[in-house]
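Hi,

Here is the model I promised to pass on. Have a look at it first, and my notes follow underneath.

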Amino acid sequence: MNIPKVEFHSHQSENIGIEVIWLNDLYSRATPSDHNPSLPHRVEFHCFIYITKGEGVHFIDFNHYPVQAGSCIFVNKHQVQAFDFTNRPEGYLILFTDEFVDVIRTNIRTPLFLPTQLVASYLPTVILTNRVKRSCESLLLEVNNEQARSVTDPLVMQLLFAALLLKINREKPNRYTENLSEPRIKKFLQFMQLVEVRHCKTRDASDYANAMHMTYKSLNEICKLASGQTAKQLIDAHTILEAKRKLIVENLQVQTLAYSLGFDEVTNFVKYFKKHTLLTPSQFKASYKG
């Protein structure tokens, strides 16, 4: 199976790094020229999905998450997702870039788009209470109305979306970043960005600490406060997730994948993969396709 990478392309005349789409409009594009959103695809931007009516499932990184009216779904850049074209729950899909998220983070502290998909307790969905639902739906309507204006004001979009994230954040459990100062959040983000770039070269947490000009102990403390996991556990989690993506997204052979991830021997990679997933790479690939 060839899973495409989907870039951010705004349909607005001015690209301000965010776009609102009705899910019903997405469903009507069942066979677009670039990719089919009902099939797994890897996004090069962030997604926020809010379900207003109906229920179904959303596919993210080889797991299916149930959704219903009042569900918020967070999909980070580089994750693999697919929309439910069978049940077709209704609602909003908001796409936005790294730059837009960075602007939001300068004004508010929110962990909602931190790379926490590697955390063992990771759950990309939040179900809102009726009281919060009404408030969030009002904000979403305002976001949509602002986009519909002849000239969209970037600042208004930023403030509206920031308010929306703040409200949702209060409903989300396991808010590890409440334990972190702003400098430590930045260090955690720096670490996760380094892992994304360097995981094929080293899985030694001390190497990352040295690259960040800090002690291993300090890095480990930040990782535990941010995610409940050690630096090494996060490195391994990312490596395994990338291995799964490459097995399915790029359809790599196990030997090619092992060497691309920096393993000297294929057998060592197979043992490493099985230790973390209880399946060999070939078994995982077969079970997914089956």
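How many helices and strands are there in the protein chain? The count comes to 11 helices and 10 strands. Before you read on, keep in mind that this is a predicted model.

A few overall numbers to start with. The protein chain has 290 residues, and 52% of them count as buried. About 14,100 Å² of the chain is exposed, with carbon and sulfur atoms supplying 50% of that area. If you take the contacts between residues at least 6 apart in sequence, 73% join residues at least 24 apart.

Now the sheet. Five strands make an open sheet, and its order is E2-E9-E4-E7-E10 with antiparallel pairing. The edges are taken by strand E2 (18-22) and strand E10 (125-127); each has a single partner strand, so one side of each is left without a neighbour in the sheet. On average, neighbouring strands here are turned by 15° against each other, ignoring direction. Helix H3 (residues 130-148) packs on this sheet, where it touches E2, E4 and E9, and its direction makes about 110° with that of E2.

Strand E4 is a good place to zoom in. E4 (residues 46-53) runs antiparallel to E9 (residues 90-96), and 7 bridges join the two. E4 also runs antiparallel to E7, this time with 4 bridges. Cys-47 shows both pairings: its bridge partner in E9 is Leu-95, and its bridge partner in E7 is Val-75. One place along, Phe-48 stands opposite Ile-94 in E9. As for cover, 6 of the 8 residues of E4 are buried, so you can call the strand mostly covered.

There is a hairpin as well. Strand E5 (residues 55-60) and E6 run antiparallel and are joined by 6 bridges, one pair being Gly-56 and its bridge partner Val-67 in E6. The two strands have 2 residues between them, and Asp-61 in the turn has a positive phi of about 45°.

Which loop holds Gly-70? Gly-70 lies between strand E6 (63-68) and E7. With a relative accessibility of 0%, Gly-70 counts as buried. Leaving out residues up to four places away in sequence, Gly-70 touches Tyr-50, Ile-51, Val-126, Ile-127, Leu-128 and Lys-133. The C-alpha atoms of Gly-70 and Thr-129 are separated by 7.4 Å, though the two residues are 59 apart along the chain.

His-78 is another loop residue to check, between strand E7 (71-75) and strand E8 (80-82). Is His-78 buried or exposed? The relative accessible area of His-78 is 16%, and buried means under 20%, so His-78 is buried. With residues up to four places away in sequence not counted, His-78 touches Arg-42, Val-43, Glu-44, Glu-196 and Arg-245.

On to the helix pairs. The axes of helix H5 (residues 182-198) and helix H7 (residues 216-227) come within 10 Å and cross at roughly 100°, which means that H5 is roughly perpendicular to H7. On the H5 side the contact is made by Arg-184, Lys-187, Phe-188 and Phe-191. H7 contributes Leu-219, Glu-221, Ile-222, Cys-223, Leu-225, Ala-226 and Ser-227.

What angle do helix H8 and helix H10 make where they pack? For H8 (residues 231-248) and H10 (residues 266-277) the angle is about 105°, with the axes 11 Å apart. H8 and H10 are therefore roughly perpendicular to each other. In this pair, Asp-236, Thr-239, Ile-240, Ala-243, Lys-244 and Leu-247 of H8 meet Phe-269, Tyr-272, Phe-273, His-276 and Thr-277 of H10.

Last, the cysteines. A search of the whole structure for disulfides finds 0. Cys-223, which we met in the contact between H5 and H7, is buried at a relative accessible area of 0%. Cys-200, in contrast, counts as partly exposed, with 26% relative accessibility.

That's what I have so far. Shout if anything looks odd to you.

Cheers

Notes:
Residues are numbered from 1 along each chain as its sequence is written. This is a predicted model: local features need pLDDT of at least 70, side-chain atom pairs count only at pLDDT 80 or more; totals for chains, interfaces and linings use all residues. Side-chain values use heavy atoms; hydrogens and water are left out. Two strands pair if DSSP finds at least two bridges between them. Axes are lines fitted to C-alpha atoms, for helices over the stretch in contact, and angles run from 0 to 180 degrees between N-to-C directions. Contact means heavy atoms within 4.5 Å. A disulfide is a pair of cysteine sulfur atoms within 2.5 Å. Buried means under 20% relative accessible area, exposed over 50%, partly exposed in between (1.4 Å probe, protein chains only). Accessible areas come from the Shrake-Rupley method with a 1.4 Å probe; for residues, only the protein chains shown count as cover. Angles under 35 degrees count as roughly parallel, over 145 as roughly antiparallel, 65 to 115 as roughly perpendicular and the rest as oblique.
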